[in-house]
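Got a model open and wondering where its labels come from? Let's go through some of them one at a time.

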Amino acid sequence: MVSPAAPRRSFEFKASRNIVGKVIEIILFLAASISVVTTIAIVVDLIYESIPFFQVAGLWQFLTGREWGPVFEPPKYGILPLVSGTLTTTIVALLLAIPMGTIIAMYLSEFAPAQVREIVKPILELLAGVPTVVYGYFALLVVTPALQLVLKDLPGFNMLSAGLVIGIMIVPTISSISEDAMRAVPVSLREGSYATGATRLQTALRVVFPAAISGISSSYILGISRAVGETMVVAVAAGLQYRLTFNPAESAATITAYIVQVSIGDLPYGSIPYQSVFAAGLVLVFMTLVLNVIGHFLSKRYREIY
Amino acid sequence: MTGGKLAHDVQSDLSRRKLIDAIFVIVGMVALLVATIVLLTLITSLAVRGVPRATLNFPEFFFTFASRRPTAAGIYAAWVGSALVMVVTACTAVPLGVAAGIYLEEYARKNWVSDLIEINVTNLAGVPSIIYGLLALGVLNQGLKLGESILTAGITLALLILPVVIVTTREALRAIPLSLREAAYAVGATKWRMIWDHILPYATGSILTGVIIGLSRAIGETAPLITIGALTFIAFLPVNTESLPAFISSFLSFAWLKEPFTVMPIQMFNWVSRPEPAFQDNAAAAGIVLLLMTLAMNGVAIYLRYRFRKGIKW
């Protein structure tokens, strides 16, 4: 026999379970909002700390000045030398990484036997897992001496070897995401192409590549973003000269390398060099944000519907 | 035009196109070969200089502190520091990341709040790591007064790998079939009991794989820790290692959280930035140890992925 109290008890039990469920949901929600808090903290922190710097340096002078050196006497506050260094190393890296990454992705997805793919993918993942400071060592002590055998006048610190090593570093990013995108293209599209008499390469270039372009372009954007933000390779191997130049055979400083260089010395809190680091960081975040937005736009614009 | 001539034209066109195909295959293999050779060169160049230095009167290199004389300098403070920072990172990133992943995958309704969080997680994954260093310098170090400590470093790296943990948790949860959830609901489980008792145990393997990949990235990170001032000359350990009980009690007191520190990649950066070749031998030795640490972690992750995939059949 069911006692008369039973339905009531089960009702209370259910209510208490609902409260527990609600509390857990709120806790989980708070954990998820940490990411939003982090983003807001990054933006607020960078702007808050760099406002005093802009009051001294002037926003216009900061953005258009051709000389950089907040610790020099007299101080120079033009960011352009750091931007030119960042762009030059990034372009060198991309000239290596985009063709190489794309060719590897296309080879693995359209030509290579399954066993080759199974062996090669983990090896590429290892390339991506090597700590960046190790790549810095490699650029300075292996790649630069090797390049100097060919280019006799190359200085010991230069953007060329730093850029090339960053390029090697981002090959796995590009090849792995591009390969996934190409493999996701339905086989029927390839079969249609073969049926018209196209070879594998023609199919890969004219059918698979355009069909996968949204994934491929987002892999490029991710690669560019990583090259722009890469720190240790340039801090070790590019030299730390504030020089407005686009010649990769020269030494120069990037935005990230400047931040590291100034951070190694003791930064008196609230000084202009301390705040200049945050201003440089703001430019870096702005550059990567623009890239992310372009990437988002591209992947929407070119999404193929099969 | 005769039929024979046409057939001949088609034939020569086809063989020309097949030749281009064959050339591309060679180009692809060369590209792969170049990537592999670079990896091999990197490892051998480190090993040639580093292994003799690291094994010269083994195991002194691992149990001596940094020094002004390159031959007397070791990585004791660096690897202990790395291990302690990783403890803080894991203890912060795992609960937060897994909880966030569960919320986004199981609870979040499709509205602008969950959209905002999703876009945020993707964007955070693309923020350069040095920016996290500036965040730590401004907010954790100066704002919350946590100082240039192990705690600051651990939290910084945890924030850095949080997107990785969140994304892998979501993928792990998504891979679990609906029937399992329905079975749990059918016997009267609440949503949370269903997740905790039935979904999470199956997802643990994949989540663990993602966590280890995140940690192996964190252990190699240098830039965000340089900005918070970790590049200091450390000649002591933050924990007591005289005996095992002394170690356990000094570890459990959590005083080490507030201590200054150095980590493996920063020790290596410090050495590689010096002009003396002898210090660069030390850099190579630290590099090979660091590389082995990350390879070991990646290896464990790959093994776990393989084991859990094989063990579970739906």
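What follows is a set of questions and answers about how this predicted model is described.

Q: How do you know which parts of this model can be used for local claims?
A: This is a predicted model, so local features need pLDDT of at least 70 and side-chain atom pairs count only at pLDDT 80 or more, while totals for chains, interfaces and linings use all residues; side-chain values use heavy atoms, with hydrogens and water left out. As for names, residues are numbered from 1 along each chain as its sequence is written, and chains are lettered from A and ligands numbered from 1 in the order in which they are written.

Q: What does the predictor's confidence look like for chain B?
A: pLDDT is the predictor's confidence in each residue, from 0 to 100. Chain B averages 84, and 95% of its residues score at least 70. Helix α9 (residues 244-252) of chain B has the lowest confidence in that chain, a mean of 76, and helix α5 (residues 150-174) of chain B the highest, at 91. (Helices here are DSSP runs of H or I with at least four residues, strands are E runs of at least two, and both are numbered from the N terminus.) For the complex, the predictor gives an ipTM of 0.86 and a pTM of 0.87.

Q: How many residues of chain A and chain B are in contact?
A: Contact means heavy atoms within 4.5 Å. On that basis 71 residues of chain A meet 73 residues of chain B.

Q: What area is buried between chain A and chain B?
A: About 6300 Å², with carbon and sulfur atoms giving 79% of it. Buried area is the accessible area (1.4 Å probe) that two parts lose on being put together, summed over both. Leu28(A), Tyr107(A) and Tyr137(A) supply 11% of what chain A buries against chain B, more than any other three residues.

Q: Why is the pair Arg109(B) and Glu25(A) called a salt bridge?
A: The term needs a side-chain nitrogen of Lys or Arg within 4 Å of a carboxyl oxygen of Asp or Glu. For Arg109(B) and Glu25(A) the closest N and O atoms are 3.4 Å apart, so the pair qualifies. The count between the two chains is 1 salt bridge, out of 17 over all chains. Helix α1 (residues 6-57) of chain A gives the largest share of the side that touches chain B, 18 residues.

Q: What else does Glu25(A) pair with in a salt bridge?
A: Lys22(A), at 3.8 Å from N to O. Both residues lie in helix α1 of chain A, 3 residues apart, about one turn of the helix.

Q: Why is Glu25(A) called buried?
A: Buried means under 20% relative accessible area, exposed over 50%, and partly exposed in between (1.4 Å probe, protein chains only). Glu25(A) has 14%, so it falls in the buried class. Lys22(A), at 45%, is therefore partly exposed.

Q: What makes Arg49(B) and Asp281(B) a link between separate parts of the sequence?
A: Their side chains meet in a salt bridge of 2.8 Å, N to O. Arg49(B) is in helix α1 (residues 3-55) of chain B and Asp281(B) in helix α11 (residues 277-311) of chain B, so the pair ties together parts that are 232 residues apart in sequence. Arg49(B) has a relative accessible area of 26%, which makes it partly exposed, and Asp281(B) is also partly exposed, at 26%.

Q: How do you know that Glu221(B) and Ser129(B) make a polar contact?
A: The rule asks for a pair of N or O atoms within 3.5 Å; within protein, one must be able to donate a hydrogen and the other to accept it, and residues adjacent in sequence count only if both atoms are side-chain atoms. The side chains of Glu221(B) and Ser129(B) are joined at 3.2 Å, so the distance fits. Glu221(B) sits in the loop between α7 (191-220) and α8 (223-227) of chain B, and at 10% relative accessibility it counts as buried.

Q: Is Ser219(A) buried or exposed?
A: Buried: its relative accessibility is 0%. Ser219(A) is found in helix α9 (residues 213-229) of chain A. Leaving out residues up to four places away in sequence, Ser219(A) touches Thr173(A), Ile174(A), Ile177(A) and Ser178(A).
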